[in-house]
Amino acid sequence: MSTETPTQGKSLTEIIDVRKEKIKKIRELGFEPYEYNFERSHLTKDILDSYDEIAEKNVVRIAGRLMAIRNMGRANFIDIQDDEGKIQVYIQENKVGKLGFKLFKLLDIGDILGFSGTVTKTRTGQVTIFATEIKMLSKNIRPIPIVKEKDGDVFDAFSDKEQRYRQRYLDMIVNPSVKDVFKKRSKIIQWTRDYLNNSGYLEVETPILQPIYGGANARPFKTFYNALNSNFYLRIALELYLKRLIVGGIDKVYEISKTFRNEGVDRSHNPEFTLLEFYETYVDYNYMMDFVENYFRFLCEKLGKTDFMYNNHNIDFSQPFQRRSMFNLLEEYVGQDLSNSTEEELKKVCKEKGISLKDSDNYGNYLAYLFDEFVEPNLIQPTFVMDFPEAISPFAKPKRGGAKGIVERFELFIAGQEFVNSFSELNDPIDQRVRLENQERLQESGDEEAHQMDEDFVRAVETGMPPTGGVGVGIDRVVMLLTGQNSIRDVLFFPQMRS
RNA sequence: GGGUGCAUAGCUCAGUCGGUAGAGCAACGGCCUUUUAAGCCGUGGGUCGCAGGUUCGAUCCCUGCUGCACUCACCA
């Protein structure tokens, strides 16, 4: 191979070759193309925000990624982007020296650079760093997409969703608003912890790898533990271990962590997602409704607003959340009072409404089908739906003074989607065992999502579980709602993609 | 899993009623001392997603596959 720099950029591999040659040239000039550190005096945002103050001190040191070059011969303007912003740097040969200028000539968009310089304004009034020293901190050899912008219009945006998700780092570099969503996500999760910690809750970690899965109706991911020669599952919920901790004497406990369900991927589902569950002793689901409502108010307060556009709906958190029983809502939207209907009667209603049924379906399933089909899409503003059928709620206490077969459970619906699920937790061990045995039978009869019997969990309840209110919150959905994103993929750094 | 659509240069996109392709940006060589989608002159860059089929000839038509988007079903 010739030691000459190729004189023409060609395909991608040849562009990369040219940049590798530049690495050699940078070393020949006496510079290290991959530095170990660089002391910064400011972030670009600081300089732009407090120009007057900094201009007095005058000399600054910044570092960041080279995003644009406007080359006018002896006068050169470049844009440097760091975590919080972007600033213009002015490069002139008699300021950076002959050697520095030779280095400048070897720069490419995408390089990570450090600069010393003085802060001034150009004649158009733009805050600019007049560089006195250039330092190469990391040489880019793979070109990044060039996105240009004028008056708010973006040109040639890096917009291919597949590439954006697969190469999220590129997406973040060239589409800076992407980072804003994730920073807000991080804050929402931090505020969630604040809310619970301030209420006396203890954050804990429980097993992700479990010999028996449970706590929700879902298919698990299955794996094999060689050393134990047995099957294990990735957890589908946090419930059963957190309740063991309640039995163990932690009065207020929560976990916020990844959970896994072996189901389809779509705009609002990812196989691994972030679930928050919290349990508090000596309270019931009525208490938890207030607590959850206040949680959303707390987040609104932190975000400084109560209106959010989500899936083309304007969601208003300024009003008290509606509280309606499931039967009450069914009566409104299905058009008949089903609260005294028998299983057979419900089945008939489902058939009349054209809902396809499975053999293993029961009273609770029929109600759930009617609810999903006719009620859910209408629940746009925050609404607590109360009192679900026992048959689909194996961990909730029976409704006090209510109809048989109904439990104290609520779900919070917003924009037709479920955000929160909560029970007055079942603490009667005899009843709990019966419920899980029923689930076990369902599983044996082919319901893949029914619960497994968890003897150790039942043993814990038998030991004595205090009255407890429990809540599960789909954090990704909360983030979607509060950041105005309609796809879960836009609130996950690395959403699930096919390989 | 079903349906619809898309896949062309590093990026954003044209295009070929079937005769192996173009633009802008980026790259490469020049010019330019206040630009900011900088500008000007010049140069190169593509197995047109993959595999088959039809055809004298396929990037284009057909089939299958893969990936992505939207959507329906299931789930948070």
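1. Which strands does helix α4 lie across, and at about what angle does α4 run to β5? Helix α4 (residues 93-105) lies across β1 (59-72), β2 (75-81), β3 (86-92) and β5, at about 40° to β5. Helices (H or I, at least four residues) and strands (E, at least two) are DSSP runs, numbered from the N terminus. Angles run from 0 to 180 degrees between N-to-C directions, with axes as lines fitted to C-alpha atoms, for helices over the stretch in contact (heavy atoms within 4.5 Å).

2. A quick word on the basis: this is a predicted model, where local features need pLDDT of at least 70, side-chain atom pairs count only at pLDDT 80 or more, and totals for chains, interfaces and linings use all residues. Residues are numbered from 1 along each chain as its sequence is written, chains are lettered from A and ligands numbered from 1 in the order written, and side-chain values use heavy atoms, leaving out hydrogens and water.

3. On to the barrel. Five strands close it in the order β1-β2-β3-β5-β4, with mixed pairing, and the twist averages 55° from one strand to the next. Two strands pair if DSSP finds at least two bridges between them.

4. Take one pair from that barrel. Strands β4 (residues 112-121) and β5 (residues 127-138) are antiparallel, with 10 bridges. T128, in β5, is the bridge partner of T120.

5. Among the elements giving two or more residues to the lining of the second largest pocket are β6 (148-150) and α6 (168-174). The largest share of that lining, four residues, comes from β1.
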